[in-house]
Amino acid sequence: MDDLPSWLTAWCVDRLGAEPVGVLFEQRSISSVFGLRLADGRDVVVKAREDDGRAASCVAAQAQLAERGFPCARPITPAVRVGVSAGVLAVHAEEFRPGGELLSGDSPEVAVGYAAVFARLMAELAAVNVAPPLPNPRWARWDHQDSGIWPAIDFLDARDQSVVPAHVVETAARARKRLLAADLPCVLGHADFEAQNLRWHRGLDADVWTVHDWDSLAWQPEAALVGAASGTFPKVGPAMLPPIESSQAFLAAYQNLRQRRFTAEELEVAWAASLWTAAHDVRWEALHREAPAPGDVLRDQAAERLRRANA
């Protein structure tokens with residue numbers, strides 16, 4: 001309790017009607033997430049992140065999905081602005097939804113299971129009516145208007161860019177060029193569809209228990225969102241890519257489940273998007289002097305994925 005931010009207790013009293021008396025868990029990354037037990041016995045999760053204008057739409061979309069029975073935590077409050085010493089945060093509370101198991105693996109069979117969840121998710125989001133959550137998450141922001149290949153991120157741009165391998169920069173540039181050349185309508189989708197953000201009951205043979213990280217909704221072409229998910233679905237740690245045949249299985253299963261075929265342009269966009277997040281992650285790790293992904297799968301797979309993207 002002593003490590004909680006100074007604003008949090010008053011916020012809980014004001015918005016939830018009870019003060020926190022215990023900490024269930026705490027995670028701090030791009031967002032700060034606090035699992036709390038309140039004085040009235042409720043267990044809740046409070047999420048706080050820099051207010052960049054996205055949170056209201058993300059939380060509203062999550063609420064609409066939860067109301068329709070999609071497996072995600074139900075928001076208890078909308079996103080509200082909280083002034084702190086470092087600036088302004090967007091904060092909301094949602095129900096605590098523990099349980100389920102991580103589904104590991106990157107085989108085509110596992111890819112099909114994840115694609116089924118993503119297809120259901122995208123079908124549900126098609127009926128959601130919220131303002132586009134822009135700007136898109138930085139690891140998916142290939143559509144930025146900044147100069148250069150990468151979106152402007154001050155704390156990354158201030159570091160020595162020469163440590164980023166040249167092949168990562170080239171791959172990102174070619175993938176982004178293909179993505180920007182497409183003329184496809186944008187839709188709402190989940191841009192952080194990674195294994196670490198899903199939990200399952202009894203593994204692949206049962207329905208997913210919950211999908212987390214709704215802060216990461218994006219407004220991009222469907223093919224780009226699906227392609228990105230086909231490249232990130234097994235991720236639980238450092239930069240990675242699944243085998244190309246697994247991304248292919250994901251894309252095929254998604255189209256079958258949505259009962260529509262991607263055009264040749266959409267398939268190229270999907271393959272290009274499958275590279276962008278991996279390139280962003282490798283750059284991040286290089287700039288933070290973190291160990292590269294084993295075998296550097298970006299180098300190993302870039303040529304074939306770029307060929308399929310016509311990039």
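What covers the buried residues of α6? Among the elements that do so are α3, α5 (166-181), β6 (186-190), β9, α7 (244-258) and α8. Welcome to this predicted model. The briefing below starts with an open sheet of five strands, moves on to helix α6, where 11 of 11 residues are buried, and then visits two cavities and a few backbone features.

**The five-strand sheet**

- Five strands make up an open sheet, and their order across it is β1-β2-β3-β5-β4, with antiparallel pairing.
- The edges belong to β1 (20-28) and β4 (80-84); each has a single partner strand, so one side of each has no neighbour in the sheet.
- On average, and ignoring direction, neighbouring strands here are turned by 30° against each other.
- Helix α2 (residues 55-67) packs on this sheet, where it touches β3 and β5. The direction of α2 makes about 5° with that of β5.
- As background, strands of a sheet pair through backbone hydrogen bonds, in either a parallel or an antiparallel way.

**Strand β3 and its partners**

- Which strand of residues 43-50 is largely enclosed by the rest of the structure? That is strand β3, and the reason is that six of its eight residues are buried. Buried here means under 20% relative accessible area.
- On one pairing, β3 meets strand β2 (residues 32-38) in the antiparallel sense over six bridges. Within this pairing, G35 has V45 of β3 as its bridge partner.
- β2 and β3 form a hairpin, with four residues between them. In the turn sits G41, whose phi is positive at about 95°.
- On another pairing, β3 runs antiparallel to strand β5 (residues 87-95), and seven bridges join the two. Here V45 stands opposite E94 in β5.
- V45 is thus a handy residue to look for: its partners are G35 and, in β5, E94.
- β5 also pairs with β4, again in the antiparallel sense, over five bridges. In that pairing G83 has V88 of β5 as its bridge partner.

**Helix α6, a covered element**

- Helix α6 is mostly covered, with 11 of its 11 residues buried.
- The buried residues of α6 include E222, A223, A224, L225 and V226, and the list goes on with G227, A228, A229, S230, G231 and T232.

**Two cavities**

- How many cavities of 30 Å³ or more are there? The count comes to two.
- The largest cavity has a volume of about 70 Å³. Its lining is made of A140, W142, H190, A191, Q220, A224, L225, A228, A273, W276 and T277.
- Two elements, α6 (222-232) and α8 (264-287), give two or more residues to the lining of the largest cavity.
- By class, that lining holds eight nonpolar residues, three polar ones and no charged ones.
- The second largest cavity holds about 50 Å³ of space. Around it lie W139, H190, A191, D192, F193, E194, L225, A228, A229, T232 and T277.
- α6 gives the most to the lining of the second largest cavity, contributing four residues. This lining divides into six nonpolar, three polar and two charged residues.
- Some residues appear in both linings: H190, A191, L225, A228 and T277 are among them.

**Backbone features worth a look**

- Where is P135 found? P135 is in the loop between α3 (108-125) and α4 (154-157). A cis peptide bond joins L134 to P135, with omega at about 0°.
- D213 has a positive phi of about 65°, although D213 is not a glycine. Its place is in the loop between β8 (208-211) and β9 (217-221).
- Is D213 buried or exposed? D213 counts as buried because its relative accessibility is 18%, and the cut-off for buried is under 20%.
- N310 is another residue other than glycine with a positive phi, here near 55°. N310 lies in the segment after α9 (297-308).
- N310 counts as exposed, because its relative accessibility is 55% and exposed means over 50%.

Note on methods: Residues are numbered from 1 along each chain as its sequence is written. This is a predicted model: local features need pLDDT of at least 70, side-chain atom pairs count only at pLDDT 80 or more; totals for chains, interfaces and linings use all residues. Side-chain values use heavy atoms; hydrogens and water are left out. Buried means under 20% relative accessible area, exposed over 50%, partly exposed in between (1.4 Å probe, protein chains only). Two strands pair if DSSP finds at least two bridges between them. Axes are lines fitted to C-alpha atoms, for helices over the stretch in contact, and angles run from 0 to 180 degrees between N-to-C directions. Contact means heavy atoms within 4.5 Å. On a 1 Å grid over the protein atoms alone, a cavity is a set of points where a 1.4 Å probe fits but cannot get out, and a pocket is an open set with protein on both sides within 12 Å along at least five of seven lines; lining residues have an atom within 4 Å of a point. Grid points are joined across faces, edges and corners, and a volume is the space filled by probe spheres set on the points. Ala, Val, Leu, Ile, Met, Phe, Trp, Tyr, Cys and Pro count as nonpolar, Asp, Glu, Lys and Arg as charged, and the others, Gly among them, as polar.
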